[in-house]
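Me: Please take a close look at one part of this model: the open sheet in chain A. Set it in its surroundings as well.

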Amino acid sequence: MSATMAPPKGLEFLPVLEKNLGGRVTAREGLAADVPTLVTDAASLHETARFLRDDPAAAYDLFLDLASADLSRLPGAQAPKTGERFQANYILYSTKRNAHLRLKVNLPEKEPSVPTLTDVWPAANWFEREAWDLMGIDFKGHPNQKRLLTHGGFVGHALRKDYDAKQRWLCTEEDLLQTELAAQTDEPSDMFETTTLNFGPSQPATHGTLRIVMRLDGETIVAAESECGYLHRCFEKMSEAHTYSQVFPYTDRLNYCSPMLNNNGYARAIESLLGVTPPPRALAVRTILGEFSRVMDHLVCLAANLVDIGGLTNFWYAYQPREEIYSLLEACSGARLTVSYGRIGGLAKDVPGNFVPWCREIIKGTRERISDVETLVTRNKIVWNRFRGTGVVTKEQALAWGFTGPCLRASGVPFDLRKDQPYEWYGEVDFDVPVMTEGDNYARYLVRVEEMKQSLRIIEQILDKLPGGPVRSDDYRVILPPKEMVYNEMEALIYHFKLVFEGVKVPPGEIYSATEGANGELGFSVISDGSGFPYRLKVRPPCFPLFAAFEKIIKGGMVSDAVATLGLLNIIAGELDR
Amino acid sequence: MAARVVTLKVPETTWAESIYLVEIVKGLARTLGHFLKNLTNMKGLPTIQYPEMLRKYSGRFRGRHILKKREDDTLKCVACYMCETACPAECIHIEAGEHPVLAYEKYPTVFEIDLLRCVYCGYCVDACPKDAIWMTRDYELSFFDRKSAVLGIPELTEKPSDTSQGGPGYGYRPYEGESPMKKAGQFEPSGLPLLPALLERGVAINRMPPPPPKPPAPSASPAAKG
């Protein structure tokens, strides 16, 4: 871009950056719905990253995602230049300017390598490990570059397009990834004997398949290393072999505590790429059921966590509204957990006739049960002793580690996509975003309780003005026509056949679309090549940076506090491992 | 109409809270309230005594599939492979044959659904252009071996027991819960009346076997059992 032209909106710092780096950074035009993109090369990546973080006009303080891609099979104009094949897309966010940015680096086919950004944003650590594991991009200077989602016996990089997905690799006991601290046996001379404790992956308190190896000095954790990947289901690789609409059942299983929010996030990403807007009633129902899912997610998080620290009664109270919400979801979609209710361009079906009074009844019951939990917990001294001052994450740490969602807000950053970049119906309703500055477990607990109450408020307001009309778009190139038309009209039947056999034809392009999931920013990076199948689909799971930071949070604390912290960070293995 | 940031404060500890006892009594009062409420209203308990009782599901429930039949008792399916293509789990296998009735053209000689692969997403129902595949509310699907989990045409064909009294009933199917459209392409919000009583959804179906008939009753009609 020449210096005379005005920089694109949101990239006002670009002329300074170009001057500093001598034209090695360029802005790239993309879809209007997409985030702004800067392209740089591997040699100047580190300098660019530092500028983007430190310059007050840029101030990208949050590292959100690293979406790697193998472009070798892209056709036509999208095809990479000769010799180039891979791509690293860093998604950044500025909490001060409320702006996203994609930093793109094109990489050669042979030995793709970029300098690590872990020293600029510590959150990059696990994202880079994942990109190395699945795409084979080498990060020079990475402190701990080893496989993350696959096991040590795995050969090759699974998300490369030439990887044969039918291969099977046996994981023997020697191939189990040994953590460094488990292997290290020599003790410092001034220390008492320490013990290595293997926590998980089948420990009940991990609520899933998480593994943490701790080195203990008595009850105190001197060092810890967390490991994930036990629930890896190849979501991203599977998506490439399924049509856009067939991915919905897979998204149900990402964060299985709030499946509707995943449906919403994925549908929004593809709809933005298509330029399709669902009818207002569909968006309203998505918001309502999404907020109910958020309540459900927080209830599960709190209930399970309180069981871990010994308060079983809350479990029964908190799970009761969850059952009711599941019944509502079942009446709308046909399944209690694996809802698959979203469709590109709307919803599968309209809600049942008694939807509004039913919702109101659930809201009433949920408020009672939340009040039960609050009576038992919020001002209970035993809980205070367990929660207050444990698992403390400061504001600076939370930003550096890439936290989003309730855990970031509990540390004092009022970042909520529903407020900052309203989508669906969030711009039309009145609600509070609770923020606390303590950053400890108690703050995370209080923020979650308050968020549930605000979610119920949002639902009530939308129920008051729930619009009528259809819930499915009438653009039959993206959504199946109504059955009556399919049975009787030739044209509709042709649309129907084309959609089922070829999938939704999404125009070539690229998008990063984010929604506020129950645990934080749920982002979908999609690259489309114009066919009915996603060329590359990368999920930004909100839990991922939380669990990556877990080993640092619990260091110096007690084992029992580590359990309380793990519960309140709310790590969901389904979206962590994908 | 906007979102506001609200900073929450950690509540101050009062003297009463610091001595444990008051808060514990408050908590006990709340649990005791629940206990008494449940004791006096056993029928209102949210717990369902599965397997003696069964949860009541909506007419959209996605359970075991059935193949619908035409009035002349032949399968509606024309083996067009739409459901097989739409299935994200690749659990449907169809082989087509030529139908002796000329108007029907094709029919499935093999129609298998592997229920161990199936994710019950209902995409096959959405994809069917002939209204030939529906789902039921039957979700108690357990098998002793993998082979018996692969249902063929005889098992999938709709049986009277699917909808009879005590049967699972229809689940996910086109237009369930929506009023039929007056004109193709014109949508209406569902105008269904409220469920007979909102309370009913929580009421479970009692499926304890009826008490055995008294011994001297040889004349009982065997057809009474549905």
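**The open sheet of chain A and its setting**

Reply: This is a predicted model. Start with the long-range character of chain A. Take its contacts between residues at least 6 apart in sequence: 69% of them join residues at least 24 apart.

Now the sheet. Five strands of chain A form it, and it is open. Their order is 1-2-5-4-3. The pairing is mixed. Strand 1 (26-28) and strand 3 (62-70) of chain A stand at the edges. Each has a single partner strand, so one side of each is left without a neighbour in the sheet. Neighbouring strands are turned by 25° against each other on average, with direction ignored.

Look at one edge in detail. Strand 3 of chain A runs antiparallel to strand 4 (residues 84-94) of chain A, and eight bridges join the two. One residue pair here is Leu62(A) and Tyr93(A): Tyr93(A), in strand 4 of chain A, is the bridge partner of Leu62(A).

A helix covers part of this sheet. Helix 2 (residues 42-54) of chain A packs on it. The helix touches strand 2 (37-40), strand 4 and strand 5 (99-108) of chain A. Its direction makes about 165° with that of strand 5 of chain A.

Next, the chain around it. Chain A holds 20 helices and 16 strands. Its C-alpha trace spans about 80 × 60 × 50 Å along the principal axes. A compact globule of 578 residues would have a radius of gyration near 25 Å; chain A has 24 Å, which agrees. Of its 578 residues, 56% count as buried.

One buried residue is Ala548(A), in helix 18 (residues 543-553) of chain A. Ala548(A) counts as buried because it has 23 C-beta neighbours inside 10 Å, and the cut-off is 20 or more. Beyond its neighbours within four places in sequence, Ala548(A) is in contact with Asn125(A) and Trp126(A). Ile91(A) lies 457 residues away from Ala548(A) along the chain, yet their C-alpha atoms are separated by 17 Å.

Last, the partner chain. In all, 62 residues of chain A are in contact with 55 residues of chain B. On the chain B side, the elements giving two or more residues are strand 1 (3-7), helix 1 (15-18), helix 2 (21-40), helix 3 (82-86) and helix 4 (123-127) of chain B. That side has 32 nonpolar, 12 polar and 11 charged residues. Strand pairing also crosses between the chains: strand 13 (residues 431-435) of chain A pairs with strand 1 of chain B in the parallel sense, over five bridges. There, Val433(A) stands opposite Val5(B).

Methods:
Residues are numbered from 1 along each chain as its sequence is written. Chains are lettered from A and ligands numbered from 1 in the order in which they are written. This is a predicted model: local features need pLDDT of at least 70, side-chain atom pairs count only at pLDDT 80 or more; totals for chains, interfaces and linings use all residues. Helices (H or I, at least four residues) and strands (E, at least two) are DSSP runs, numbered from the N terminus. The radius of gyration is taken over C-alpha atoms; the globule rule is 2.2 Å times the number of residues to the power 0.38. A residue is buried if 20 or more other C-beta atoms lie within 10 Å of its own, exposed if 12 or fewer, and partly exposed in between; C-beta atoms are placed from the backbone. Two residues are in contact if their C-beta atoms, placed from the backbone, lie within 7 Å. Ala, Val, Leu, Ile, Met, Phe, Trp, Tyr, Cys and Pro count as nonpolar, Asp, Glu, Lys and Arg as charged, and the others, Gly among them, as polar. Two strands pair if DSSP finds at least two bridges between them. Axes are lines fitted to C-alpha atoms, for helices over the stretch in contact, and angles run from 0 to 180 degrees between N-to-C directions.
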